[in-house]
Structure formats: structure tokens, C-alpha cells
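Trainee: I'd like to go through the aromatic pairs in this one with you. Can we take it step by step?

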Amino acid sequence: MKNESSELRNALGSFATGVCVVLVPSEKGEPDGMTINSFTSVSLSPPMVLWCINKTSRMCHHFEEQSEYSINVLTAEQQDLSRHYAKSGSASLPSASSHISFADDGTPFIQDSATTFFCRIVAKYDGGDHYILLSSVLDYQIGHADAPLVFHRGRYQSIAA
């Protein structure tokens with residue numbers, strides 16, 4: 001079996017995924033976030049989802065200290081937000097950012113996303129160079145039905161809704 005990480009990354013890239021941004025309040029109370037594409041549904045009853053975070057990610061510490069956060073499923077029109085939150089070290093934004101709102105409990109979320117899930121971590125598992133975060137879905141809001149943002153073979157794509 002081949003074990004070239006760049007070749008494996010290319011092979012895995014043949015599976016199209018949706019694009020999400022995870023947002024969490026930082027220590028300063030400002031929203032901090034990262035782009036992910038390792039998001040999946042686990043259970044409807046109780047409602048649970050999971051996603052994965054690289055152990056070397058600058059965001060990892062948030063999920064040791066902070067248990068509640070939002071997962072924002074992006075639309076094709078939100079490609080710029082995905083790119084912003086994918087940049088290492090530059091995702092923290094002032095809370096006055098025009099695309100961010102706050103839930104009643106202070107959890108930041110992205111306005112006009114396809115769907116937002118408000119989550120609480122229930123377990124963290126070792127997954128090689130990543131952690132697997134299993135979370136309860138506390139609430140969700142479905143946005144407009146625009147085409148979703150998709151990532152396939154290293155490029156952003158969109159499909160008709």
C-alpha cells in the first residue's frame with residue numbers, strides 16, 4: 001500500500017465535501033474560527049455531529065477550554081469567508097465584523113450561512129494527527145437555500161441546490 005502523504009491527500013480530495021466554518025469565542029471574547037470540511041452527521045436521536053481538528057492547529061486550545069461553538073455550513077457565495085478562516089493565524093476578527101452575529105448565550109455564528117449548528121463537545125477522541133470532536137447539537141437554524149460551497153480536488157466548487 002502506498003504511503004505518500006501528498007498522494008494520499010490527492011486521493012482523498014476526490015471525495016467532494018461541504019465547506020464549514022467553526023466559530024468559538026476567544027479568550028478575549030472576540031470570535032475566532034477555522035474552515036473545516038471534515039464535518040458529518042452522527043445521530044438524529046440524540047442529535048450529534050462530529051468533525052476533526054489537526055492536533056497542531058492554533059485553534060486546538062479553544063476546544064480544551066470551550067465546549068460550545070457553532071458550525072456554519074457555507075453557501076457558494078461565501079467562498080471569501082472560507083478562504084479567510086482557512087488562513088493560519090489570521091482568523092480572529094473583531095465582533096463588529098458584518099458577517100458575524102451572536103446567539104443569546106454569546107456563541108458567534110455566520111449570518112446567511114446555509115445552516116448553522118450550535119454545538120457542545122461531549123467527547124474528544126485521538127485520531128492520528130487529528131482529534132475527533134463528537135458534539136451534541138443544541139440548536140440549529142436553516143438559512144436560505146442557495147447552492148452549497150463544495151471542495152473537490154483542491155478547488156472550491158458549487159452545485160445547484
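Mentor: Sure. One cut-off to start with: buried means under 20% relative accessible area, exposed means over 50%, and partly exposed is what falls in between. Keep in mind that this is a predicted model.

Trainee: Okay, then is F39 buried, partly exposed or exposed?

Mentor: Look at its relative accessibility, which is 25%. That value falls between the 20% and 50% cut-offs, so F39 counts as partly exposed.

Trainee: How many aromatic pairs are there?

Mentor: Ring centres have to lie within 6.5 Å for a pair. By this rule the count is 7.

Trainee: And the rings of F39 and F117, are they stacked, tilted or edge-to-face?

Mentor: Their centres are 5.6 Å apart, with 40 degrees between the planes. Stacked needs under 30 degrees and edge-to-face over 60, so this pair is tilted.

Trainee: How many residues apart in sequence are the parts that F39 and F117 tie together?

Mentor: F39 belongs to the loop between β3 (31-36) and β4 (40-44), while F117 is in strand β9 (residues 115-127). F117 is buried, by the way, at 18% relative accessible area. The parts tied together by this pair are apart in sequence by 78 residues.

Trainee: Which residue joins F39 and F117 in one aromatic cluster?

Mentor: The cluster has F39 and F117 in it, as we'd hope after looking at that pair. Its other member is Y140.

Trainee: What kind of pair do W51 and F63 form?

Mentor: Here the centres are 5.2 Å apart and the planes meet at 80 degrees. Over 60 degrees is the cut-off that matters, so the pair is edge-to-face.

Trainee: Where do W51 and F63 sit, and are they buried or exposed?

Mentor: W51 is in strand β5 (residues 47-54) and F63 in helix α2 (residues 62-65), so 12 residues separate them. Relative accessibility is 0% for W51 and 7% for F63. With the limit for buried at under 20%, W51 counts as buried, and F63 also counts as buried.

Trainee: Which ring has the charged end of K124 over it?

Mentor: The charged end of K124 is 4.3 Å from the ring centre. K55 lies over the face of that ring too, at 5.2 Å from the centre. The ring belongs to Y131.

Trainee: Last one: which side chains make polar contacts with the side chain of T116?

Mentor: T116 lies in strand β9 and is buried, at 1% relative accessible area. Y140 is among the residues it touches. The polar contacts are 3.0 Å to N72 and 2.9 Å to S113.

Notes. Residues are numbered from 1 along each chain as its sequence is written. This is a predicted model: local features need pLDDT of at least 70, side-chain atom pairs count only at pLDDT 80 or more; totals for chains, interfaces and linings use all residues. Side-chain values use heavy atoms; hydrogens and water are left out. Rings of Phe, Tyr and Trp (its six-membered ring) pair if their centres lie within 6.5 Å; planes under 30 degrees apart count as stacked, over 60 as edge-to-face and the rest as tilted. Helices (H or I, at least four residues) and strands (E, at least two) are DSSP runs, numbered from the N terminus. Buried means under 20% relative accessible area, exposed over 50%, partly exposed in between (1.4 Å probe, protein chains only). A charge sits over a ring if NZ of Lys or CZ of Arg is within 6 Å of the ring centre and within 35 degrees of the ring normal. A polar contact is a pair of N or O atoms within 3.5 Å; within protein, one must be able to donate a hydrogen and the other to accept it, and residues adjacent in sequence count only if both atoms are side-chain atoms. Contact means heavy atoms within 4.5 Å. Lists of a residue's contacts leave out its neighbours within four places in sequence.
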